[in-house]
Amino acid sequence: MTDIAELLETAGLTGRGGAAFSTAIKIKAAKENGAELIVNACDGEIGAAKDAWIVEHHLHELIEGAALVASGKRPRISYAAHRGSRTAELIARAGLPLLEVPHRYVSSEETSLISLAHGGLAKPMTKRAPFVFGGRDSQGRRVSPTVVLNAETVWRISQINRLGAEWFRSFGTTAEPGPRLVWVGGHVARPGMCEAAAGVSLSDLLDFAGGLPADARHVGVGGLGGVVITAADARTTIWDTPSMKQLGGALGPGIVTVWNPAECPVETAARLISYGAGESAGQCGPCMFGLPALAADWADLARNPTSKGRQHLKLRLSQLERRGACAHPDGVARFAQSALRTLAPEFAAHANHSCQKVRTPKARTAHAQFA
Ligand code: SF4
């Protein structure tokens, strides 16, 4: 019988949570070290909904996938979901071990879940050991070998086991094989879950949700850690890593959101950046101080767009790069960088006071905007 890690390597499965790391390598290390498994069903990114969809519609396959990759005679498996969510309720109702995660943006980050599972806080660990081998956290506490896999990754493992690597490779591209879930939402006629694959056009993805409305101006790809592009680019771009890279992004965790054209996009971006700043876990200076400073710089530039302000913002963004213990500041900076580039015409409209949409109601949260 083929070893599951070998099968996954042949299939070319990569993590569906956004990092796109080889699942076979992770599983091999997990099995060799007898690691406990955490299935991440938190839908932590803004606009994400696929983990909830899998738990709602394919729970038995999720359980099957987890059993295939868990190690040892008495495998330790837990399912992480946000406290009080429908996903958590379904997991608990099925009698599965539930890891209840607080509702914070960074609480479902990989090492946050490992910390929480070992009795710590749901905050990213500042010591970035590959915990699949076990180790110690920054306080010297022992952390037993643990591997975290996204719910869609685990679901795909069960599919590959049943249907084969060849079936999996019949979707997507040679470099990025396999089906992928994408939530298409925001300003569309029929928001919903789409089963897609790398290499489709963004336009086809949007057609699934009723098409890109004629009045749409901007489309977010990948949530807060992703990018915002113009509707014109969305009509012509291919959804794969090489094409998304040219726009500063990646495939990410499978989220496409059409921004509401009735709202000023500079303000929409401001709201997201401020939300990201408020979600820092307050452990690293560049994140704790740098993100609020970025949000303040963005608000200043929106009020008074000058080339000096723009340069200042660019400098701020460069100071955030790879400076946090986790990828949170990098994700917010990447989003702000793309918004600065894409929204150049809107900043110009702010400069000549011709933007008609400024000061739209702010009652909606960043999550509500992207639901
Ligand atoms: S970068 Fe920010 S969110 Fe990540 S560990 Fe540091 S303070 Fe926490």
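**Notebook: domains, helix 3 and cores**

I began with the spacing of two domains and found that 25 Å separate the centres of domain 1 and domain 2, taken over C-alpha atoms. The bounds, which come from an automatic or database domain assignment, are 4-167 for domain 1, 171-258 for domain 2 and 265-369 for domain 3.

I note early that this is a predicted model, in which local features need pLDDT of at least 70 and side-chain atom pairs count only at pLDDT 80 or more, while totals for chains, interfaces and linings use all residues. Residues are numbered from 1 along each chain as its sequence is written.

Next I looked up where the two domains meet: 16 residues of domain 1 are in contact with 16 residues of domain 2, contact being C-beta atoms, placed from the backbone, within 7 Å. On the domain 1 side, the elements giving two or more residues are helix 3 and helix 7; helices (H or I, at least four residues) and strands (E, at least two) are DSSP runs, numbered from the N terminus. The residues of this side divide into seven nonpolar, four polar and five charged, where Ala, Val, Leu, Ile, Met, Phe, Trp, Tyr, Cys and Pro count as nonpolar, Asp, Glu, Lys and Arg as charged, and the others, Gly among them, as polar.

I then turned to helix 3, residues 50-57, and listed Lys50, Asp51, Ala52, Ile54 and Val55 as buried, that is, with 20 or more other C-beta atoms within 10 Å of their own C-beta, itself placed from the backbone (12 or fewer is exposed, in between partly exposed). These buried residues pack against helix 4 (59-69), helix 5 (86-93) and helix 7 (151-163), and also against strand 7 (179-186) and strand 8 (192-197).

For the interior I looked up the largest nonpolar core, which has 101 residues, with Leu37, Val39 and Ala80 having the most contacts inside it; a nonpolar core is a set of buried Ala, Val, Leu, Ile, Met, Phe, Trp, Tyr and Cys residues joined through C-beta atoms within 7 Å. Helix 14 (residues 290-303) gives the largest share of this core, six residues. Leaving aside neighbours within four places in sequence, Val39 is in contact with residues including Leu62, Ala66, Tyr79 and Val154. Another core, of five residues, lies apart from the largest one and has Tyr105 and Cys326 among them.

Last, I recorded that 49% of the 371 residues of the chain count as buried, and that the C-alpha atoms fill a box of roughly 70 × 45 × 35 Å along the principal axes.
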